[in-house]
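Let's take a walk through the charged side chains of this model and see which parts of the fold they join. Have the structure open as you read.

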Amino acid sequence: MAQDERPLEGWDPGPIEGAALAEAVERAFDYRGDVTLVRRAGGELVGYLFNRDADAAPPFVQLFAASGGDPVTIPYADIRSIRFTGRDTAAGNSYAAWLRSREAAKAAGSARGA
Amino acid sequence: MSVPLSQMWTVATYVLKQRLRRNPRYPLVLMLEPLFRCNLACAGCGKIQYPGHILRKHLSVEQCLAAVEECGAPMVSIPGGEPLMYPEIGPLVAELVARRKYVYLCTNAILLKEKLEEGLFTPSKYLSFSVHMDGLREEHDEAVCREGVYDQAVEGIRAALRRGFRVTTNTTLFDGASAIRMQMFFDEMMDLGVEGMMLSPGYSYSKAPDQEHFLRRQKTHELFSKMLSNPKKRWKFNQSPLFLQFLMGKWDFECTPWGNPTYNMFGWQRPCYLLQEGYAATFKELMETTRWEGYGHRSGNEKCKDCMVHCGYEPTAVNTTFASWKGFKATVEATLTGRL
Ligand code: SF4
Ligand code: SF4
């Protein structure tokens with residue numbers, strides 16, 4: 001189940017509870033993409049998990065559903081699993097693309113000057 | 001230093017009142033983020049990486065004003081995202097000015113000229129456009145990952161100054177910045193006619209695309225000492241001189257994370273503008289339930305180890321001015337002589 005340093009995008013820990021659930025919640029909180037929250041009572045919610053409080057009584061998570069509306073609060077106890085289904089928007093592609101385009105422009109510039 | 005007298009007076013009386021009340025924690029500047037959407041994607045930015053449905057959302061003016069009331073800080077900084085992309089930015093600023101809040105609208109200025117031409121804002125001593133400028137043309141365009149943005153920002157600054165607005169600049173410095181080039185940049189901004197400049201080292205956001213170019217403490221001291229040890233009289237800085245001296249290594253400050261509390265669509269951000277360790281539903285809850293002892297340079301928190309960013313340390317500098325004769329004397333001296 002341990003995810004270590006592997007990218008979270010696409011991760012599906014399966015049914016979880018206790019410490020494993022708490023860990024998955026922490027990872028989802030830090031994740032800059034949507035997750036799919038599977039409820040114990042059935043049904044799924046796709047959204048951005050922006051907050052959690054493991055010390056509250058009872059512990060809860062908060063999401064903005066991808067379909068819109070106000071934030072939704074869900075107790076840990078109602079969560080069966082969390083799948084990391086959305087794209088990780090912090091994967092850093094924009095900067096890499098900029099560096100590549102700048103290097104290409106520089107190379108083109110020096111080729112013109114030569 | 002270039003902060004107008006009326007603003008200095010407002011801040012001074014506010015801080016003295018808090019001290020007389022023996023309030024150990026009080027906010028100085030509310031960091032109000034009405035949206036995360038931006039028209040740039042800067043290498044060092046960790047603020048904009050969200051799914052599309054979050055980027056399309058924004059706070060309502062009512063939510064913003066409720067946060068301003070709840071917090072009570074005399075100054076409101078509006079960063080983002082890009083606040084000029086916030087559809088209610090005109091009405092929001094008008095409401096804040098009517099409440100006599102000193103507003104710093106932090107913008108990359110790409111849309112500034114257009115918004116001014118639309119007549120969205122009225123000049124006021126309470127409103128300052130704080131334009132993101134990370135150095136001369138080459139350095140700035142590199143930092144924001146797009147050619148031509150420096151020239152657009154200069155055009156925006158000129159348009160705002162022509163209309164009688166207060167304009168300041170905010171500059172984030174990264175590893176590799178040249179002290180001489182920065183001094184040339186200060187000259188260029190003064191030639192443009194901005195009221196003052198704000199400087200800060202960058203923060204190593206865990207979500208920022210560029211993780212390599214953040215200044216560590218020793219390098220920050222070296223760079224700021226080189227840049228500022230012999231400042232020209234004409235350079236005006238719109239920030240606490242003690243904060244600049246701290247960056248030069250002349251003061252050993254601890255962070256005041258509650259000094260610049262942050263509110264956005266997720267709530268009140270713990271513990272500061274830079275870190276996202278959770279959200280409180282109310283300002284009171286933020287102040288009363290955040291484990292403040294876990295943050296700051298001396299806390300041992302890895303995330304705070306190298307941080308010298310203005311949002312954590314400028315409130316300490318301001319507080320030092322009013323907390324000791326040494327701090328007061330140093331502030332007055334630097335303000336009168338321009339020496340740091
Ligand atoms: S640093 Fe400012 S201008 Fe640049 S991407 Fe972030 S919010 Fe936008
Ligand atoms: S030291 Fe920096 S990162 Fe840590 S709490 Fe203060 S402002 Fe935030």
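Counted over all chains, this predicted model holds 23 salt bridges. A good place to begin is chain B, where Asp187(B) pairs with Lys232(B), the closest N and O atoms being 2.7 Å apart. Asp187(B) sits in helix α8 (residues 179-192), whereas Lys232(B) belongs to the loop between α9 (217-228) and α10 (241-247), so this contact ties together parts that are 45 residues apart in sequence.

How accessible are the two partners? Asp187(B) has a relative accessible area of 16%, so it counts as buried, the cut-off being under 20%. Lys232(B), with 39%, is partly exposed.

Stay with Asp187(B) for a moment, as its side chain also meets that of Arg234(B) in a salt bridge, at 3.2 Å from N to O. Arg234(B) lies in the loop between α9 and α10 and Asp187(B) in helix α8, so this pair ties together parts that are 47 residues apart in sequence. Arg234(B) is partly exposed, at 37% relative accessibility. Zooming out a little, you will find Asp187(B), Lys232(B) and Arg234(B) linked with Asp191(B) in a network of salt bridges.

Now turn to another pair in chain B: Asp306(B) and Arg216(B), whose side chains form a salt bridge with an N to O distance of 3.7 Å. This one links distant parts of the chain, 90 residues apart: Asp306(B) is in the loop between α11 (283-289) and α12 (310-323), and Arg216(B) in the loop between β6 (196-201) and α9. Here Asp306(B) is partly exposed at 22% relative accessibility, and Arg216(B) is partly exposed at 41%.

Technical notes:
Residues are numbered from 1 along each chain as its sequence is written. Chains are lettered from A and ligands numbered from 1 in the order in which they are written. This is a predicted model: local features need pLDDT of at least 70, side-chain atom pairs count only at pLDDT 80 or more; totals for chains, interfaces and linings use all residues. Side-chain values use heavy atoms; hydrogens and water are left out. A salt bridge is a side-chain nitrogen of Lys or Arg within 4 Å of a carboxyl oxygen of Asp or Glu. Helices (H or I, at least four residues) and strands (E, at least two) are DSSP runs, numbered from the N terminus. Buried means under 20% relative accessible area, exposed over 50%, partly exposed in between (1.4 Å probe, protein chains only).
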